[in-house]
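The exercises below are meant to be worked through with the sequence and the three-dimensional view side by side. Try each task before reading its solution.

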Amino acid sequence: MRDYISYAAFLAAVIAAQFCLPLLLGQEKQETAPEKTQTENMRQMFESLHCPQSDLAAIGAFQGCWKVGAVWGAPRERDLKLGLRASENRFQLWLDSHSAQQAADSDNPRYCQLKEGVYSVAPYPDAHLRNLGSYAYYILDIPPEQAEDIARIYFKSHERKMSWETYRDTFLAFANKDGKYVRTLLVFGPEQVGWDSDGEEDYWILPAPCDGWDNVEERIREKLKQAEKE
């Protein structure tokens, strides 16, 4: 079940996962009633994900081709599959890993900077205008000095198919190759930004050559056609 959460709660979840990010946008404690505060936090988060025009640094953070795999599994390179390709005017995603399945093909993505060094992309930034829910994503580096602590959290939460030592070594190798963590948000409108608290739709990404992208693109087309029929 998806949880609709406030901006502050969303950030608390990130910090609890020991990514140790500062509060995005320098948000200060609100003195208004809880309901009004939650609404304002939600609007602020929505506006941050839908900046007026794409940010160049945010484009650069996502640009290129990446292997992907759901965070429920270890970020072992041989288990990650080519599935993300991003440029200024195109965002394509194919994720089919563990219980996570997503497909996107957008020629109008919006890349934003939530705070210096923290970047997001909304593949379909205008979907809410048609009362449609859509995904948005933000990308997080894995600081080398925190990599083992982060690995321990995700091993305890999701991975059960290998020993802790093997998972730790796999995770450190992934981090050293510039692997990153992508958190998935579900956006319905200015007052509805959701995150699945079990991280089911979140995924690892690892830089990769674009060789073989035509095959990935075909899967994306098939998945989107199927979704249109449902």
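**Exercise 1. Describe the largest pocket of this predicted model: how much space lies in it, and which residues and elements line it?**

Solution. Begin with the volume: about 350 Å³ of space lies in the largest pocket. Next, look at its wall, which is made by 14 residues, and among these Ala103, Tyr124, Gly133, Ser134 and Tyr135 are the closest to the centre of the pocket. Then assign the lining to secondary structure, where β5 (100-106) and β8 (134-140) are the elements that contribute two or more residues. Finally, sort the lining by class, which gives ten nonpolar, three polar and one charged residues.

**Exercise 2. Carry out the analysis for the second largest pocket, and find which element gives the most to its lining.**

Solution. The second largest pocket holds about 270 Å³ of space. Its lining consists of 18 residues, of which Gly73, Ala74, Asp79, Ser97 and His98 are the closest to the centre. Two or more lining residues come from each of β2 (64-70), β3 (81-87) and β4 (90-97), and β4 gives the most, with four residues. By class, the lining of this second largest pocket divides into eight nonpolar, four polar and six charged residues.

**Exercise 3. Locate the disulfides, and determine for each the handedness and the parts of the chain that are joined.**

Solution. The structure holds two disulfides, and they can be taken in turn.

- Step 1: Cys51 and Cys112 form a disulfide, with their sulfur atoms 2.0 Å apart. The torsion about the S-S bond of Cys51 and Cys112 is about -95°, and therefore this disulfide is left-handed. Because Cys51 lies in the loop between α2 (34-49) and α3 (56-62) while Cys112 lies in strand β6 (residues 110-115), the pair ties together parts that are 61 residues apart in sequence. Both Cys51 and Cys112 are buried.
- Step 2: The other disulfide joins Cys65 to Cys210, with an S to S distance of 2.0 Å. Here the torsion about the S-S bond is about 105°, so the disulfide is right-handed. The pair links distant parts of the chain, with Cys65 in strand β2 and Cys210 in the loop between β11 (203-208) and α6 (213-229), 145 residues apart.
- Step 3: For the accessibility of this pair, apply the cut-off that a residue is buried under 20% relative accessible area. Cys65 has a relative accessible area of 4% and is therefore buried, whereas Cys210, with a relative accessible area of 31%, is partly exposed.
- Step 4: When the bonded cysteines of the chain are numbered in sequence order, the pairing reads 1-3, 2-4.

**Exercise 4. Decide where on helix α4 the buried residues lie, and what they pack against.**

Solution. First list the buried residues of helix α4 (residues 147-157), which are Ala147, Ile150, Ala151, Tyr154 and Phe155. Then look down the axis of α4: the buried residues fall within an arc of 135°, so they line one face of the helix. The last step is to identify the partners, and the buried residues of α4 pack against α5 (164-176), β9 (180-189) and β11.

**Exercise 5. Characterise the surroundings of Ala104: is this residue buried or exposed, and with which residues is it in contact?**

Solution. Ala104 is placed in strand β5, and with a relative accessible area of 3% it is buried. Leaving aside the neighbours within four places in sequence, Ala104 is in contact with Phe91, Gln92, Leu93, Tyr124, Ile220 and Leu224. A further distance can be read between Ala104 and Arg221, which are 117 residues apart in sequence and 8.8 Å apart in space, C-alpha to C-alpha.

**Exercise 6. Examine the backbone at Asp178, and state where in the chain this residue lies.**

Solution. As background, most residues other than glycine have a negative phi. Asp178, however, has a phi near 70°, a positive value in a residue other than glycine. The residue lies in the loop between α5 and β9, and Asp178 is partly exposed, with a relative accessible area of 40%.

**Exercise 7. Summarise the chain as a whole: how many helices and strands are there, and what share of the residues is buried?**

Solution. The chain contains six helices and eleven strands. Of its 230 residues, 49% are buried. As for contacts between residues at least 6 apart in sequence, 66% join residues at least 24 apart.

Terms used: Residues are numbered from 1 along each chain as its sequence is written. This is a predicted model: local features need pLDDT of at least 70, side-chain atom pairs count only at pLDDT 80 or more; totals for chains, interfaces and linings use all residues. Side-chain values use heavy atoms; hydrogens and water are left out. On a 1 Å grid over the protein atoms alone, a cavity is a set of points where a 1.4 Å probe fits but cannot get out, and a pocket is an open set with protein on both sides within 12 Å along at least five of seven lines; lining residues have an atom within 4 Å of a point. Grid points are joined across faces, edges and corners, and a volume is the space filled by probe spheres set on the points. Ala, Val, Leu, Ile, Met, Phe, Trp, Tyr, Cys and Pro count as nonpolar, Asp, Glu, Lys and Arg as charged, and the others, Gly among them, as polar. A disulfide is a pair of cysteine sulfur atoms within 2.5 Å. Buried means under 20% relative accessible area, exposed over 50%, partly exposed in between (1.4 Å probe, protein chains only). The arc is that of the directions from the helix axis to the C-beta atoms. Contact means heavy atoms within 4.5 Å.
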